[in-house]
Amino acid sequence: MAHPESYALQGMPVWCTACGARRDWAFINHGRHVWVRCRCGHEWHEPELTRADFDALVLPGAGVEYANVDEMLAKLGFDGIFRGMYLG
Ligand SMILES: [Zn+2]
(Lines give C-alpha, C1' and ligand atoms only; values in the text may rest on other atoms or scores of the structure.)
Protein backbone atom coordinates (compact mmCIF):
# COMPACT_ATOMS: atom_id res chain seq x y z
CA MET A 1 0.00 0.00 0.00
CA ALA A 2 1.10 3.57 -0.56
CA HIS A 3 1.77 5.95 2.27
CA PRO A 4 2.29 9.48 0.91
CA GLU A 5 3.09 11.09 4.24
CA SER A 6 6.18 10.70 6.33
CA TYR A 7 6.05 7.83 8.75
CA ALA A 8 7.54 7.85 12.22
CA LEU A 9 8.62 4.50 13.55
CA GLN A 10 8.71 4.58 17.34
CA GLY A 11 9.49 8.27 17.17
CA MET A 12 12.15 7.91 14.48
CA PRO A 13 11.13 9.13 11.03
CA VAL A 14 11.60 6.53 8.35
CA TRP A 15 14.04 7.73 5.71
CA CYS A 16 15.67 6.30 2.65
CA THR A 17 19.37 5.57 2.99
CA ALA A 18 19.73 5.64 -0.79
CA CYS A 19 18.27 9.05 -1.65
CA GLY A 20 17.46 10.66 1.72
CA ALA A 21 13.69 10.84 1.16
CA ARG A 22 11.64 11.08 4.32
CA ARG A 23 8.13 10.58 2.94
CA ASP A 24 6.08 8.92 0.24
CA TRP A 25 6.50 5.23 0.89
CA ALA A 26 5.07 1.98 -0.27
CA PHE A 27 4.69 -0.62 2.45
CA ILE A 28 4.81 -4.21 1.30
CA ASN A 29 3.62 -6.95 3.57
CA HIS A 30 4.90 -10.49 3.25
CA GLY A 31 3.64 -12.72 6.02
CA ARG A 32 4.88 -11.28 9.30
CA HIS A 33 7.42 -9.01 7.64
CA VAL A 34 7.03 -5.57 6.18
CA TRP A 35 9.25 -3.99 3.57
CA VAL A 36 9.47 -0.28 2.87
CA ARG A 37 10.00 0.93 -0.67
CA CYS A 38 11.03 4.41 -1.73
CA ARG A 39 10.16 6.26 -4.92
CA CYS A 40 13.77 5.91 -5.99
CA GLY A 41 13.36 2.15 -6.10
CA HIS A 42 15.31 1.45 -2.93
CA GLU A 43 13.59 -1.21 -0.85
CA TRP A 44 14.44 -2.62 2.52
CA HIS A 45 13.08 -4.89 5.19
CA GLU A 46 11.99 -2.90 8.22
CA PRO A 47 12.16 -5.26 11.22
CA GLU A 48 10.62 -2.63 13.50
CA LEU A 49 7.51 -2.53 11.38
CA THR A 50 5.16 -5.35 12.27
CA ARG A 51 2.12 -6.81 10.62
CA ALA A 52 0.02 -5.06 13.28
CA ASP A 53 1.56 -1.71 12.30
CA PHE A 54 0.89 -2.50 8.67
CA ASP A 55 -2.74 -3.38 9.37
CA ALA A 56 -3.14 -0.17 11.37
CA LEU A 57 -1.99 1.79 8.34
CA VAL A 58 -4.54 0.19 6.08
CA LEU A 59 -7.66 2.18 6.76
CA PRO A 60 -10.93 0.34 6.22
CA GLY A 61 -12.06 0.87 2.66
CA ALA A 62 -8.85 2.60 1.69
CA GLY A 63 -6.80 -0.47 0.94
CA VAL A 64 -6.40 -1.59 -2.64
CA GLU A 65 -5.63 -5.17 -3.43
CA TYR A 66 -3.16 -5.92 -6.19
CA ALA A 67 -2.47 -9.21 -7.89
CA ASN A 68 1.18 -9.06 -6.94
CA VAL A 69 3.86 -6.72 -5.70
CA ASP A 70 5.17 -5.87 -9.16
CA GLU A 71 1.73 -4.79 -10.30
CA MET A 72 1.26 -2.67 -7.20
CA LEU A 73 4.62 -0.98 -7.58
CA ALA A 74 4.03 -0.26 -11.25
CA LYS A 75 0.57 1.19 -10.70
CA LEU A 76 1.70 3.30 -7.78
CA GLY A 77 4.74 4.53 -9.66
CA PHE A 78 7.19 2.83 -7.33
CA ASP A 79 9.11 1.03 -10.04
CA GLY A 80 11.73 3.73 -10.10
CA ILE A 81 10.29 5.95 -12.84
CA PHE A 82 9.82 8.78 -10.36
CA ARG A 83 13.39 8.55 -9.18
CA GLY A 84 14.45 11.96 -7.95
CA MET A 85 11.01 13.46 -8.47
CA TYR A 86 8.84 14.85 -5.75
CA LEU A 87 5.19 15.47 -6.43
CA GLY A 88 4.57 18.33 -4.09
ZN1 LIG B 1 15.02 6.64 -1.92
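**Exercise 1. Find which side chains meet Arg39 and Glu43 in salt bridges, and say where the first pair lies in the chain.**

Solution. Begin with Arg39, whose side chain meets that of Asp24 in a salt bridge, with 2.9 Å from N to O. In this predicted model, Arg39 belongs to the loop between S5 and S6 while Asp24 belongs to the loop between S3 and S4, so the salt bridge ties together parts that are 15 residues apart in sequence. Next, turn to Glu43, whose side chain forms a salt bridge with the side chain of Arg37 at 2.7 Å, again taken from N to O. Finally, set these pairs against the search of the whole structure, which finds two salt bridges.

**Exercise 2. Decide for each of Asp24, Arg37 and Glu43 whether the residue is buried or partly exposed.**

Solution. The step needs a cut-off: a residue is buried when its relative accessible area is under 20%, and partly exposed when the value lies between that and 50%. Asp24 has a relative accessible area of 10% and is therefore buried, and its partner Arg39 is buried as well. Arg37, at 13% relative accessibility, also counts as buried, whereas Glu43, at 34%, counts as partly exposed. While looking at Asp24, note also its backbone: its phi is near 70°, which is a positive value in a residue other than glycine.

**Exercise 3. Work out which residues hold the zinc ion, and what arrangement their donor atoms make.**

Solution. First list the donors: the zinc ion is coordinated by the SG atoms of Cys16, Cys19, Cys38 and Cys40, at 2.3 to 2.4 Å. Then consider the angles that the four donor atoms subtend around the zinc ion; these run from 102 to 113°, and because four donors count as tetrahedral if all angles lie between 85 and 135 degrees, the arrangement is tetrahedral. Along the sequence, the spacing of the donor residues is C-x2-C-x18-C-x1-C. Cys16 sits in the loop between strand S3 (12–13) and strand S4 (25–30), and Cys40 in the loop between strand S5 (33–37) and strand S6 (43–45), so this pair ties together parts that are 24 residues apart in sequence. Both Cys16 and Cys40 are buried.

**Exercise 4. Describe the surroundings of Asn29 and of Gly41.**

Solution. Asn29 is part of strand S4, and, leaving aside residues up to four places away in sequence, it touches Val34, Arg51 and Phe54. With Arg51 the contact is polar, joining the two side chains at 3.0 Å. In addition, a polar atom of the Asn29 side chain lies 3.3 Å from the backbone oxygen of His33. Gly41, for its part, is found in the loop between S5 and S6, and its relative accessibility of 26% makes it partly exposed. Its C-alpha atom is separated by 6.3 Å from that of Phe78, although these residues are 37 residues apart along the chain.

**Exercise 5. Identify which residues touch the most other members of the largest nonpolar core, and which elements supply it.**

Solution. Start from the general tendency that, in soluble globular proteins, nonpolar side chains are likely to be buried together. The largest nonpolar core here has 15 residues, among which Tyr7, Trp25 and Phe27 touch the most other members. At least two residues of this core come from each of S4, S5 and helix H1 (51–57). There is also a second, separate core of five residues, including Ala26, Met72, Leu73 and Phe78.

Notes: Residues numbered from 1 in each chain as written. Predicted model: local features only at pLDDT ≥ 70, side-chain atom pairs only at ≥ 80, totals over all residues. Heavy atoms only, no water. Donors = N, O, S within 2.8 Å, 3.2 Å for Na, K, Ca; no water. Tetrahedral: all angles 85-135°; square planar, octahedral: opposite > 155°, others 65-115°. Helix = DSSP H or I, 4+ residues; strand = E, 2+ residues; numbered from the N terminus. Buried < 20%, exposed > 50% of the residue type's maximum accessible area, 1.4 Å probe, protein only. Salt bridge = Lys/Arg side-chain N within 4 Å of Asp/Glu carboxyl O. Polar contact = N/O pair within 3.5 Å; in protein donor to acceptor, adjacent residues only side chain to side chain. Contact = heavy atoms within 4.5 Å. Core = buried A, V, L, I, M, F, W, Y, C linked by side-chain atoms within 4.5 Å.
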